[in-house]
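Trainee: I'm new to this one and would like to learn how to read it. Could you walk me through some features?

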Amino acid sequence: MKISDVAAILDAQVLVEGNMDTEVKTACGSDMMSDVLAFVKDQSVLLTGLMNPQVVRTAEMMDMHCIVFVRDKVPDATVLRLAEDRDMTVLQTRYRMFTACGKLYDAGLRGGCEKE
Amino acid sequence: MSGLSLKYEVPGDDFTRAGEASSDVKRKLKKLGYDPDAIRRVAIAMYEGEINMVIHAGGGQAFVTIEPQRVDIVLEDHGPGIADVEKAMQAGYSTAPDQVRSLGFGAGMGLPNMKKYTDEMTIDTEVGKGTTLKMTVLVNHKS
Ligand SMILES: Nc1ncnc2c1ncn2[C@@H]1O[C@H](COP(=O)(O)OP(=O)(O)OP(=O)(O)O)[C@@H](O)[C@H]1O
Ligand SMILES: [Mg+2]
């Protein structure tokens, strides 16, 4: 699916608009950046409830294209600017982590935070 | 020497800035046209090390040398040092306080992860003096 599909499925607000046509196949949901760095392979979407700039940096190091903030959390301007700088898309959804991940899985995205 | 040498100050008092050095190195490697897999390995390993310097050692310095076949990263701090390196290398071992965990770090995965993504890694550390971590990523190495 495309990042625009992710936004539609999660009924999300687009906080930073990168390339919405980027194709994504896999996602990871975590509040621990340590785990994202250690276990994720070739994920392109990061769902998190964590709100600091290291979320963007972690996504950057992992070559991820899209960050989804769950539970209606609003990151501050620094976080958004950082993402904008790196051509990432930032979405915000009212769904909680479990539901947001479930909806995306249902629509065909796959995981990989565990060693699969 | 033919390589490109870079030096960064990693401030210890500003968590929001942690990762700036790694981010800069990543961009430079991209611009130079390095293999994406090698770039990612450098980025992850250096980022983990940078975060460690910030959360465990009050900051430090990063020295990076970029050569056609290899990238060398040296992270030097004057923090508390690591008393038991073998233990610190174990997955899941962490002395990070809860406050660090609430920032998304402190799972005890950093050092094992750095080992996994690099081709060579040595830790030189002395309690009370500081830690110097050296890592090498070979560009043509297939992981
Ligand atoms: N530069 C350093 N100075 C002092 N102690 C360190 C340093 N780097 C690592 N350590 C020690 O080694 C332990 C393990 O480090 P490691 O990076 O594996 O895990 P962590 O930083 O605690 O958590 P994570 O990396 O998953 O966020 C740390 O908890 C800390 O006690
Ligand atoms: Mg660490």
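Mentor: Happy to. Keep in mind that this is a predicted model. Let's start with a pair of opposite charges: Arg71(A) forms a salt bridge with Asp31(A), with the closest N and O atoms 3.7 Å apart. Arg71(A) sits in the loop between E4 and H4 of chain A, while Asp31(A) is in the loop between strand E2 (27-29) and helix H2 (33-39), so the pair links parts of the chain that are 40 residues apart.

Trainee: Are Arg71(A) and Asp31(A) buried or exposed?

Mentor: For that, look at relative accessible area: buried is under 20%, exposed is over 50%, and partly exposed is in between. Arg71(A), at 32%, counts as partly exposed, and Asp31(A) is partly exposed too, at 34%.

Trainee: How many salt bridges are there over all chains?

Mentor: The count comes to 13. One of them sits within helix H1 of chain B: Asp24(B) and Lys28(B) are four residues apart there, about one turn of the helix, and their side chains meet at 2.7 Å, N to O. Asp24(B) has a relative accessible area of 26%, which makes this residue partly exposed; Lys28(B) is partly exposed at 31%.

Trainee: Which residues are linked in a network of salt bridges?

Mentor: Arg57(A), Arg17(B) and Glu20(B). Within that network, the side chains of Glu20(B) and Arg17(B) meet at 3.2 Å, N to O.

Trainee: Now the place where the chains touch. What should I look at there?

Mentor: Begin with who takes part and how much area gets buried. Here the contact takes 27 residues from chain B and 22 residues from chain A. The buried area is about 2000 Å², with carbon and sulfur atoms giving 51% of this area. Then look at the polar side: between chain B and chain A there are three salt bridges, including one between the side chains of Asp63(A) and Arg40(B), at 3.2 Å. There are also 17 residue pairs in polar contact across the interface.

Trainee: Which helices of chain B each supply at least two residues to the side that touches chain A?

Mentor: Helix H1 (20-31), helix H2 (36-57) and helix H5 (110-117). The largest share, six residues, comes from H2(B). By class, that side of chain B has 11 nonpolar, eight polar and eight charged residues.

Trainee: And how do I read a single helix?

Mentor: Ask which residues are buried and which way they point. In helix H4 (residues 77-85) of chain A, the buried ones are Val79(A), Leu80(A), Leu82(A) and Ala83(A). Seen down the axis of H4(A), these fall within an arc of 160°, so they line one face of the helix. The face turned away from the buried side carries exposed Arg81(A), Glu84(A) and Asp85(A).

Trainee: What covers the buried residues of H4(A)?

Mentor: The cover includes strand E1 (13-16), helix H3 (54-61), strand E4 (66-69) and strand E5 (89-92) of chain A. Check the helix ends as well: Asp76(A) caps the N-terminal end of H4(A), with a side-chain oxygen 3.2 Å from the backbone nitrogen of Thr78(A). Just after H4(A), Asp87(A) takes a positive phi of about 55°.

Trainee: Can we finish with one residue in a strand?

Mentor: Try Thr131(B), which lies in strand E5 (residues 130-138) of chain B. Thr131(B) counts as buried because its relative accessibility is 8%. The side chain of Thr131(B) makes a polar contact with the side chain of Thr125(B), at 3.0 Å. The C-alpha atoms of Thr131(B) and Asp77(B) are separated by 5.4 Å, although these residues are 54 apart along the chain.

Key:
Residues numbered from 1 in each chain as written. Chains lettered and ligands numbered in written order. Predicted model: local features only at pLDDT ≥ 70, side-chain atom pairs only at ≥ 80, totals over all residues. Heavy atoms only, no water. Contact = heavy atoms within 4.5 Å. Buried area = accessible area lost by both parts, 1.4 Å probe. Salt bridge = Lys/Arg side-chain N within 4 Å of Asp/Glu carboxyl O. Polar contact = N/O pair within 3.5 Å; in protein donor to acceptor, adjacent residues only side chain to side chain. Nonpolar A, V, L, I, M, F, W, Y, C, P; charged D, E, K, R; others polar. Buried < 20%, exposed > 50% of the residue type's maximum accessible area, 1.4 Å probe, protein only. Arc of directions from axis to C-beta.
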